[in-house]
Amino acid sequence: MKRGNRQSPTLSVFARKNIEMKVKEIFNTMAYGPAPESAAQANEFLDAHNRTFELFINGEWKKAEKHFETINPSNMEVLANIAEASERDVNEAVTAANKALKDWVNLGGRARARYLYAIARQIQKHSRLFAVLEALDNGKPIRETRDIDIPLVARHFYHHAGWAQLMDTELKDYKEIGVIGQIIPWNFPLLMLSWKIAPALAMGNTVVLKPAEFTSLTALLFAEICQNVGLPKGVVNIITGPGSTGAALVNHKDVHKIAFTGSTEVGKIIRKAIAGSGKKVSLELGGKSPFIVFEDADLDSVVEGIVDAIWFNQGQVCCAGSRLLVQESIQDKLYDKIKARMEKLRVGDAMDKCIDIGAIVAPVQLKTIDELVQKGIAEGNQMWQPSWECPKDGCFYPPTLFTHVSPSSTIAQEEIFGPVLVAMSFRSHQEAIKLANNTRYGLACSIWTENINLALDIAPKVKAGTVWINSTNVFDAGSGFGGYRESGFGREGGKEGLFEYMKPRIEEQFSDKPINPAVQKSKITITDSINRTAKMYIGGKQARPDGGYSITIKNPQGEIVGEAPEGSRKDIRNAVEAAHANGKWAEMTGHARAQVLYYIAENLSARKSEFSNRLVQMCCYGKTDADAEVEKSIDRIYTYAAHADKYDGQAHQTIQRNVTLAMPEPVGVMGIVCPDEAPLLAFISTVIPAIALGNSVIVIPSESAPFSATDFYQILDTSDVPGGTINIITGPKDSLAKELAKHYDVDGLWYFGNKESSKDIESLSAENMKRTWVNYGKYRNWMNNEQSEGMEFLRHASEIKNIWIPYGA
Ligand code: NAI
Ligand code: MG
């Protein structure tokens with residue numbers, strides 16, 4: 001066939017020439033033209049709602065008084081009006097969720113599983129609409145919403161449908177928490193919704209969810225899915241609105257837990273607002289995650305990894321690999337490669353399938369990014385951007401690279417939450433770890449090397465909830481995700497994530513009053529040998545209190561039992577320092593730690609009668625009760641010695657080609673504030689599980705009866721426990737506890753005491769986001785194994801790190 005026959009007869013010679021020119025040009029440049037996805041279906045959906053959305057409460061749409069606009073940041077056009085929920089609306093939603101709770105729980109896990117499967121199927125069925133709507137509302141590339149966000153959303157509901165099915169058999173010691181208030185950000189709107197709603201519903205909770213104000217649309221479409229599958233009314237309520245709507249939800253008295261993802265700043269506000277209320281909380285906050293490249297890494301893979309780390313979702317990713325740490329020897333070579341790649345990246349309309357980077361979510365965010373970049377320049381760092389310009393009609397920001405950045409400069413420390421990569425170099429492995437951990441955050445880390453031994457050596461040393469080896473930004477419902485330090489606490493996904501949405505059934509048996517054996521008339525004469533001044537114990541040595549004071553301790557009959565040092569802030573500081581200086585204990589194997597614990601148990605066993613007499617004399621216990629407490633203490637040490645090498649992790653079944661190792665790690669340096677009652681047994685029951693897993697602790701023993709703890713350091717001295725593993729500070733418990741809560745280098749804090757101090761602890765701990773476990777003035781029976789021994793203690797003493805190791809040649 002002649003070439004001319006294929007041409008339209010109406011085309012002029014000139015036009016034909018033009019096309020030929022263009023084709024030739026495309027062949028030469030190999031440039032992609034635009035390939036826009038159709039928005040028709042999404043527009044139909046918006047039009048069907050008259051482009052105005054109300055609140056989804058109790059299975060119905062409730063009209064709101066006020067509305068606000070949501071825009072498409074790719075072109076700044078208004079997409080729809082969104083309802084702004086008032087405090088009254090929030091109340092209505094919480095009431096509906098509370099009303100729905102009982103029936104939802106009583107349905108049982110198996111019936112709930114059917115609903116979750118149905119939701120998963122519906123999401124798959126409407127995946128195209130979801131993907132388009134998300135790209136329009138958020139500005140993220142349609143390729144990403146289509147291939148990453150929405151498939152992961154469906155996966156999340158499937159995975160948790162499975163957990164609902166298995167709850168009654170696999171998790172029978174746990175029950176739902178109740179009504180969950182969930183507040184999510186705008187960077188992965190529907191995905192964050194699924195991370196929150198799927199596990200909550202699976203475990204029998206009902207929810208009130210507030211999407212971010214920039215991106216409410218897919219959550220509202222999700223509300224329709226809930227209607228379509230016939231989800232019982234009130235189980236899911238979706239209320240839109242700004243931060244003040246979120247605050248009303250946080251402060252509502254009938255909400256039993258808050259799950260939040262967003263900025264560290266708001267996370268801290270929330271932590272403080274609900275302190276002492278007994279509401280549970282999980283916080284997934286910001287990050288400044290390191291992306292570490294060693295000199296033997298495959299640099300071309302590294303460059304593609306960097307594209308995924310910092311230009312995926314315009315860099316608006318909490319776990320973005322925003323700090324590039326490069327081994328000095330390959331620094332220049334890598335920077336050249338990155339720049340060459342950046343030159344080829346395409347920024348544009350989210351609906352164009354040929355772009356790499358879409359729009360920033362909103363003008364305010366664009367401004368923040370630019371301000372931080374200007375600050376980076378002003379602070380003397382080298383900035384590089386590609387030669388091309390971004391489109392002008394939307395919220396676009398070019399990929400940006402800072403090199404030779406000083407680790408202390410603002411852009412190396414602050415989360416930018418945009419397409420800005422900040423690079424610095426290191427020489428030794430040690431320096432790489434130091435730089436990686438030189439941040440107040442601890443969300444994720446990516447390690448690049450062809451040497452698996454090196455990667456697996458570095459992985460446990462970086463303080464991060466997720467570590468990706470030769471990969472980055474990989475997520476799956478089967479693996480937990482969450483941070484350390486100011487990146488927040490709690491895990492989402494994996495079996496570890498379920499514990500955020502359930503509580504131990506045993507908690508219902510806790511008492512409102514301390515449980516003590518009956519006081520009996522002392523039959524022991526207090527001799528001079530017992531009546532001596534005890535010391536504190538810091539860094540493996542006996543220590544006098546910094547203030548030089550001691551407190552006279554009397555027993556319930558008013559007899560003087562002895563003098564205990566009055567510890568102060570300075571002593572706490574010394575103890576924290578000693579705990580940090582002790583690197584040895586955490587590095588020992590579980591087996592080696594178990595041997596030490598067995599040895600402690602043996603030594604306590606040899607001094608049974610001495611410890612028993614002490615309890616009689618200090619607490620006026622009868623001899624039988626005192627002996628029983630000592631026996632139980634010995635037995636409990638054996639339990640945790642047994643656990644020390646058995647509380648191990650899992651290899652999660654994630655959907656990518658990789659091994660995902662969920663490894664329990666010690667929290668780090670922990671404060672433990674013991675209850676007044678059971679002075680020996682409660683000390684053992686709290687300290688031993690913590691150290692069994694490798695933590696170092698600062699313990700404040702029973703204030704009224706501290707001598708069981710101070711006698712105990714003689715046992716520690718003879719049991720091969722490295723100095724600094726257990727530090728004992730006696731004195732005014734509640735004020736010492738507050739000092740621990742305020743201390744920046746304490747990673748976790750357990751408090752067993754009254755309600756008021758529980759509140760103070762939670763509130764004061766917000767600043768460095770330390771993990772807290774407080775009893776809100778509820779008391780357990782320390783003699784009862786079910787209440788006071790086992791998994792719950794081990795879980796609070798550890799944190800799961802997920803390490804992703806890809807395979808495939
Ligand atoms: P944000 O933390 O203010 O917003 C997140 C969610 O919290 C939204 O739904 C918002 O309405 C709600 N909220 C705001 N104030 C609240 C309050 N007092 N009580 C209850 N809920 C409240 O985050 P924003 O302002 O959208 O972004 C600011 C910065 O936060 C970003 O530049 C980024 O650095 C960080 N961010 C981190 C995210 C992450 O995934 N870790 C996600 C979004 C933002
Ligand atoms: Mg929007």
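Let's start with a side-chain contact: Arg 636 and Glu 789 are joined by a polar contact of 3.1 Å. Keep in mind that this is a predicted model. Arg 636 belongs to helix α22, which covers residues 623-644. Is Arg 636 buried or exposed? Its relative accessibility is 0%, so Arg 636 counts as buried.

**Around ligand 1**

Next up is ligand 1, with 24 residues around it. The closest ones are Trp 186, Glu 213, Ser 263, Gln 365 and Glu 415. Two of these also turn up in the polar contacts below, together with a backbone atom of Ile 184. Each row gives the distance from an N or O atom of the residue to an oxygen atom of ligand 1.

| Residue | Part of the residue | Distance to an oxygen atom of ligand 1 |
|---|---|---|
| Ile 184 | backbone | 2.8 Å |
| Trp 186 | side chain | 2.5 Å |
| Glu 415 | side chain | 2.8 Å |

How much of ligand 1 does the protein bury? On its own, ligand 1 exposes 800 Å², and the protein buries 84% of that. Two elements give two or more residues to the shell: α9 (243-251) and β10 (257-261). Of the elements, α9 gives the most, with three residues. As for chemistry, the shell splits into 13 nonpolar residues, eight polar ones and three charged ones.

**The magnesium ion**

Ligand 2 is a magnesium ion. What coordinates it? The donors are Thr 70 through OG1, Ile 71 through its O, Asp 137 through both O and OD, and Phe 214 through its O, at 2.3 to 2.7 Å. Along the sequence, the donor residues follow the spacing T-I-x65-D-x76-F. Thr 70 sits in strand β4 (residues 66-72), while Phe 214 is in the loop between β8 (206-210) and α8 (217-228), so this pair ties together parts that are 144 residues apart in sequence. The two residues can also be described by their accessibility. Thr 70 has a relative accessible area of 1% and is buried, whereas Phe 214, at 26%, counts as partly exposed.

**Aromatic pairs**

Now for the rings. A search of the whole structure turns up 25 aromatic pairs. Take Phe 56 and Trp 61: their ring centres are 5.2 Å apart and their planes meet at 55°, so the pair is tilted. Phe 56 is buried, with a relative accessible area of 3%, but Trp 61 counts as partly exposed at 29%.

Another pair, Trp 195 and Phe 481, is edge-to-face, with 5.4 Å from centre to centre and 65° between the planes. Which parts does this pair tie together? Trp 195 comes from helix α7 (residues 189-202) and Phe 481 from the loop between β18 (466-469) and β19 (488-489), so the pair links parts that lie 286 residues apart in sequence. Both partners are buried: Trp 195 has a relative accessible area of 5%, and Phe 481 comes in at 4%.

Finally, there's a cluster to look for. Ring pairs link Trp 750, Phe 752, Trp 773, Trp 782 and Phe 793 together.

Note on methods:
Residues numbered from 1 in each chain as written. Chains lettered and ligands numbered in written order. Predicted model: local features only at pLDDT ≥ 70, side-chain atom pairs only at ≥ 80, totals over all residues. Heavy atoms only, no water. Near = heavy atom within 4 Å. Polar contact = N/O pair within 3.5 Å; in protein donor to acceptor, adjacent residues only side chain to side chain. Areas by Shrake-Rupley, 256 points an atom, 1.4 Å probe, with all protein chains shown as cover. Helix = DSSP H or I, 4+ residues; strand = E, 2+ residues; numbered from the N terminus. Nonpolar A, V, L, I, M, F, W, Y, C, P; charged D, E, K, R; others polar. Donors = N, O, S within 2.8 Å, 3.2 Å for Na, K, Ca; no water. Buried < 20%, exposed > 50% of the residue type's maximum accessible area, 1.4 Å probe, protein only. Phe/Tyr/Trp six-rings, centres within 6.5 Å; stacked < 30°, edge-to-face > 60°.
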